[in-house]
Amino acid sequence: MEESRFEIMQQVIASIKKEQFDKSFNIENDLIVFDNGSKYPGAIELLTNSFKNVYAADQNLGYWSALSWILDNANKIKNKEYKYVYIIESDHLHFALEKVEICENALEKFNHLGSIRTQEYSVAEQHLYNKSLQRSDGRRYAWVSHVNAATNEKVVLEKLTDDIYESNFLTCLHSVNRLDCIKDTFNALKSLNKFSELDFQKMYHAKYPKIGQLDGGIFHARLGFTIENPKSLSGSWSTNVSQFGYHTTRQDVIRHYSCVNLIT
């Protein structure tokens with residue numbers, strides 16, 4: 001599993017670097033990298049040779065705890081007041097990273113939108129991404145439920161701009177999110193003994209019932225388990241998933257990191 005994660009990280013870094021090289025848009029100055037207690041040989045070296053602002057925890061306390069640390073410290077690290085946060089997960093291969101700007105501009109213009117979903121998605125061919133249909137020609141690794149789990153309403157998309165559609169999808173962590181809203185939501189989650197991703201989504205939805213969908217998307221994540229690719233990927237794996245890590249049930253708690261160090 002760790003070998004698989006290392007190989008995937010190499011691909012993710014290469015996709016980001018290619019986007020930076022080919023496009024005028026550059027996220028390097030605003031990128032914060034968090035290593036969640038990785039012990040795999042060469043992992044830290046790969047990160048530090050690729051990016052500035054790499055922080056490493058002394059142990060793996062899970063995906064949600066890592067994000068919580070970033071949200072609490074981003075403005076202090078950069079000495080800058082951010083309004084939005086774009087979360088890059090460990091298996092995100094980018095093909096249109098420059099469109100983060102389009103998402104930020106949409107959030108500036110449309111105050112009622114809480115976030116912009118950025119995973120690969122086609123509005124015109126949304127049937128290929130509908131999880132409930134599970135078509136043989138569908139986009140398996142970009143499937144999403146077209147029913148709002150908070151309200152049980154069918155998801156409806158309405159065009160706002162050439163690229164952005166208003167929807168009643170639930171937000172994802174890996175979206176362009178409003179920093180104040182996601183921080184408030186995480187602060188509420190900290191008080192819970194256990195929560196799921198749906199709890200996060202429902203809290204966010206209570207503040208912003210409408211979010212945006214970027215037509216086409218920015219990244220795809222197709223590197224999980226398949227018969228053809230038996231190496232599996234876990235979002236925040238550890239040797240004891242009953243206590244730490246990104247649990248298979250997607251349930252967790254937010255823990256305090258005792259030690260996080262700037263590596264480069």
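Buried, on this tour, means under 20% relative accessible area, exposed means over 50%, and partly exposed is in between (1.4 Å probe, protein chains only). Helices (H or I, at least four residues) and strands (E, at least two) are DSSP runs, numbered from the N terminus.

This is a predicted model, in which local features need pLDDT of at least 70 and side-chain atom pairs count only at pLDDT 80 or more, while totals for chains, interfaces and linings use all residues. Residues are numbered from 1 along each chain as its sequence is written, and side-chain values use heavy atoms, with hydrogens and water left out.

**The whole chain**

Start by showing everything as a cartoon. You should find six helices and 13 strands. Of the 264 residues in the chain, 51% are buried. Now think about contacts (heavy atoms within 4.5 Å). Among contacts in the chain with a separation of 6 or more, 71% are between residues 24 or more positions apart.

**Stop 1: helix α4**

Select α4, residues 100-109. Which residues of α4 are buried? They are V100, C103, A106 and L107. These four cover an arc of only 120° around the axis, so they sit on the same side of α4; the arc is that of the directions from the helix axis to the C-beta atoms. Next, colour N105 and K109: these exposed residues are on the face turned away from the buried side of α4.

What do the buried residues of α4 pack against? Add β3, β5 (113-117), β7 (164-167), β8 (175-178) and β10 (210-214) to your selection to see their partners. The helix lies across these strands and runs at about 165° to β5. For such angles, axes are lines fitted to C-alpha atoms, for helices over the stretch in contact, and angles run from 0 to 180 degrees between N-to-C directions.

**Stop 2: the six-stranded sheet**

Keep those strands and add β6 (residues 157-159). Two strands pair if DSSP finds at least two bridges between them. Six strands form an open sheet in the order β3-β8-β5-β10-β7-β6, with mixed pairing. At the edges stand β3 and β6, each with a single partner strand, so one side of each has no neighbour in the sheet. From one strand to the next, the twist averages 25°.

Begin at the β3 edge. Here β3 and β8 run antiparallel and are joined by three bridges; pick Y86 and you will find its bridge partner, V176, in β8.

Then move to β7. In a regular strand the side chains alternate between the two faces of the sheet. Which residues cover the two faces of β7? I164 and E166 are on one side, Y165 and S167 are on the other, and all are buried. On to its partners: β6 pairs with β7 in the antiparallel sense over three bridges, and a hairpin of four residues joins the two strands. Look for L157 opposite S167. β7 also pairs with β10, again in the antiparallel sense, over four bridges, with E166 opposite G212.

**Stop 3: the three-stranded sheet**

Now select β1, β2 and β13. They form an open sheet in the order β1-β2-β13, and the pairing is mixed. The edge strands, β1 (33-35) and β13 (260-262), each pair on one side only. Three bridges join β1 to β2 (residues 54-57), and these two run parallel. Click on F34 to find its bridge partner Y55 in β2. Then add α3, which packs on the sheet and touches β1, β2 and β13, its direction making about 140° with that of β1.

**Stop 4: salt bridges**

Finish with side chains as sticks. A salt bridge is a side-chain nitrogen of Lys or Arg within 4 Å of a carboxyl oxygen of Asp or Glu. How many salt bridges does the structure hold? There are eight, and here are some to visit:

- K83 and E108 have their closest N and O atoms 2.6 Å apart. K83 lies in the loop between α3 (63-78) and β3 (84-86) and E108 lies in α4, so the pair ties together parts 25 residues apart in sequence.
- K207 and D184 meet at 3.3 Å, N to O. K207 lies in α6 (residues 197-207) and D184 in α5 (residues 179-189), so this pair ties together parts 23 residues apart in sequence.
- D252 and R255 meet at 2.8 Å, N to O. D252 is buried at 2% relative accessibility, whereas R255 is partly exposed at 21%.
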